[in-house]
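Work through the exercises below with the model open. Each task is followed by its solution.

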Amino acid sequence: MTGLKNIVFDFGGVLLDWNPHYLLDPWFGDVEKATWFIKNICTSEWNAEMDKGKPFAQAVAERVAMFPEWEEEIRLYQSGWIKMIGDEIPGMYELECELKEKGYKLYGLTNWSLETFNLVRPKRVFQILDGMVVSGEEHLLKPSAEIYRRLLERYSLNAGESIFIDDNMPNVLGARAVGMHSELFRGADDVRRIIYG
C-alpha cells in the first residue's frame, strides 16, 4: 500500500486472544449455559460500559442489584477476569517486529477497560507499540469518530497515511469514515498481504 506510514491495531482478537468463555465454560461446565449467561447477564453491552470507563466495581454492583440470583457469577466476571485472556494471536508479534524494522510506526486503538487492560499492558505485543489509545481512559468507544480522531491528533498522524486493523466490521467502517484506510482482521498473513500488497 503506497504512502502508508502508520499501522494501527485493535487489541482483543487481533494482538491478544480474549474470550469470556475461557473463564465461564469451566465454571458452568456447559458451553450453552455460559453462552446464555454472556448473552443475558454479563452481556457485551454491559462489558462496553467498563470499556467506556465505568469502574468495574460500580458496574458489578449495578448488575448484582439487577440479577441478585447471579451474584457469584457476576462477581467472578471481575475476580476471574484474567482467565479470559488466551495467547498472543499467532504471528502478530513477529509481524509487529518485521513492520517496525521496515520503518513503520505502530499504534494501538482498543475498546478496553483501563482497569483490566493494565493487567495485560506489560505483554510484548503492546510494549512494541509507539503509542496507544485505550477507550477506558478516554471515555470514548469505537466506532465513534471521536476516538479515531483522538488517536490521530495525539500522535500527529495523517489519516490517509494510516491503516487500522480490527476484527469488528463496524470499527473498520468507523476508521474509514474519518479518512483512514482500514481492513478486517483475518490473520497475520492477510495483514502482511494488505500492507505490502
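**Exercise 1. Count the helices and strands, then judge the overall packing.**

Solution. The protein has 12 helices and seven strands. Helices (H or I, at least four residues) and strands (E, at least two) are DSSP runs, numbered from the N terminus. Next, take the radius of gyration over C-alpha atoms: it is 17 Å, close to the 16 Å that the globule rule (2.2 Å times the number of residues to the power 0.38) gives for 197 residues, so the protein is as compact as a globular protein of that length.

The model is predicted: local features need pLDDT of at least 70, side-chain atom pairs count only at pLDDT 80 or more, and totals for chains, interfaces and linings use all residues. Residues are numbered from 1 along each chain as its sequence is written, and side-chain values use heavy atoms, with hydrogens and water left out.

**Exercise 2. Find the nonpolar cores.**

Solution. Start with burial. Buried residues (under 20% relative accessible area, 1.4 Å probe, protein chains only) make up 47% of the 197 residues. Now join buried Ala, Val, Leu, Ile, Met, Phe, Trp, Tyr and Cys through side-chain atoms within 4.5 Å; each such set is a nonpolar core. The largest has 49 residues, and I7, F9, M92, W112 and F126 have the most contacts inside it. A second, separate core of 15 residues includes L152, F164, V178 and M180.

**Exercise 3. Place P143 and list its contacts.**

Solution. P143 is in the loop between α9 (135-138) and α10 (145-154). Its relative accessible area is 42%, so P143 is partly exposed (between 20% and 50%). Leave out residues up to four places away in sequence: P143 then touches Y148, P170, N171 and G174 (heavy atoms within 4.5 Å).
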